[in-house]
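Here are some exercises on reading a protein structure, each followed by a worked solution. Try each task with the structure open before you read on.

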Amino acid sequence: MNRRNYQRELEAVIKENESKSRVPRLLLHSCCAPCCSYVLEYLSDYFEITVFYYNPNIYPEAEYQKREAELKRLISEMPCTKEVALVDLPYVPEEFFTAVRGLEHIPEGGERCFACYKLRMEAAAKYAAEHHFDFFTTTLSISPLKNAQKLNEIGEALAEEYGVPHLPSDFKKQEGYKRSIQLSADYNLYRQDFCGCVFSKKEREAKAHGEA
């Protein structure tokens, strides 16, 4: 089976929308400012964007607050084509621990991560439906460490459930990840060295200390 080209699919959606008189509204789930930077630069030409900050996986709370503050700063400083809004939900880490119960010892990049993707993307899909957005998606696919195929599969399933189209994406394509690194330097953004959750933090620390 041929692997789908989500970047090409995104470009097709953009082209179709350009023929319409109204600019579509996009709810963009974001995990942090560095991942959001390139996506905002790219998509603000074509969408009216609201950034959706819902990340109960992030640990500890100080890390969550730091990423939230950097995201707010980026939105306020970045000269996007169209004004960008922000919605930030309360920090409730128990929601993450409930979602990944029984998967705590799965290595990074496996089923625990997929459950985390779904938790955050479902919150975005639900919010998008309740507030009449035209599309929803997430910045997560910009990371080389995130499974773009799984993210899009989850997004498409949630689109069916909540009735809001999922915007296909693989933002690392067209050197998106490289551009996010440059933008992070330009805006002096804080770039974390682990995905966000307590399990990824422990895994990163173990590797740093040469543990198996």
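**Exercise 1. The two sides of a helix**

Which residues on the other side of α7, away from its buried ones, are exposed?

Solution. Before starting, note that this is a predicted model, in which local features need pLDDT of at least 70 and side-chain atom pairs count only at pLDDT 80 or more, while totals for chains, interfaces and linings use all residues. Residues are numbered from 1 along each chain as its sequence is written, and side-chain values use heavy atoms, with hydrogens and water left out.

Step 1: settle the terms. A residue is buried under 20% relative accessible area, exposed over 50%, and partly exposed in between, with a 1.4 Å probe and protein chains only. Helices (H or I, at least four residues) and strands (E, at least two) are DSSP runs numbered from the N terminus.

Step 2: find the buried residues of helix α7, which covers residues 176-186; they are G176, S180, L183 and S184. These residues lie on the same side of α7 because they cover an arc of only 105° around the axis, where the arc is that of the directions from the helix axis to the C-beta atoms.

Step 3: turn to the other side of α7, where K178 and A185 are exposed.

Step 4: look for the cover over the buried residues of α7, which includes α2 (33-43).

**Exercise 2. Unusual backbone angles**

Locate the residues around α7 that have a positive phi, and then find a cis peptide bond.

Solution. Step 1: recall that most residues other than glycine have a negative phi, and that most peptide bonds are trans.

Step 2: examine the loop between α6 (148-162) and α7, where Q174 is placed. Although Q174 is not a glycine, its phi is positive, at about 55°, and with 52% relative accessibility Q174 counts as exposed.

Step 3: go on to E175, which is found in the loop between α6 and α7. E175 is not a glycine either, yet it has a positive phi of about 60°, and its relative accessibility of 53% makes it count as exposed.

Step 4: pass to the other end of the helix, where N188, just after α7, takes a positive phi of about 55°.

Step 5: check the peptide bond from Y59 to P60, which is cis, with omega near -10°. P60 belongs to the loop between β2 (48-53) and α3 (61-77).

**Exercise 3. The surroundings of one leucine**

Describe where L119 lies and what it touches.

Solution. Step 1: place L119 in helix α5, which runs over residues 111-130. With a relative accessible area of 17%, L119 is buried.

Step 2: list its contacts, where contact means heavy atoms within 4.5 Å. Leaving aside neighbours within four places in sequence, L119 is in contact with Y54, P56, E95, F96 and A99.

Step 3: compare sequence with space for L119 and E94, which are 25 residues apart in sequence and 12 Å apart from C-alpha to C-alpha.

**Exercise 4. The chain as a whole**

Summarise the elements and the overall dimensions of the chain.

Solution. Step 1: count the elements, which are eight helices and four strands, and read their order from the N terminus as α-β-α-β-α-β-α-α-β-α-α-α.

Step 2: consider the extent of the C-alpha trace, which spans about 55 × 40 × 35 Å along its principal axes.

Step 3: finish with burial, since 49% of the 212 residues of the chain count as buried.
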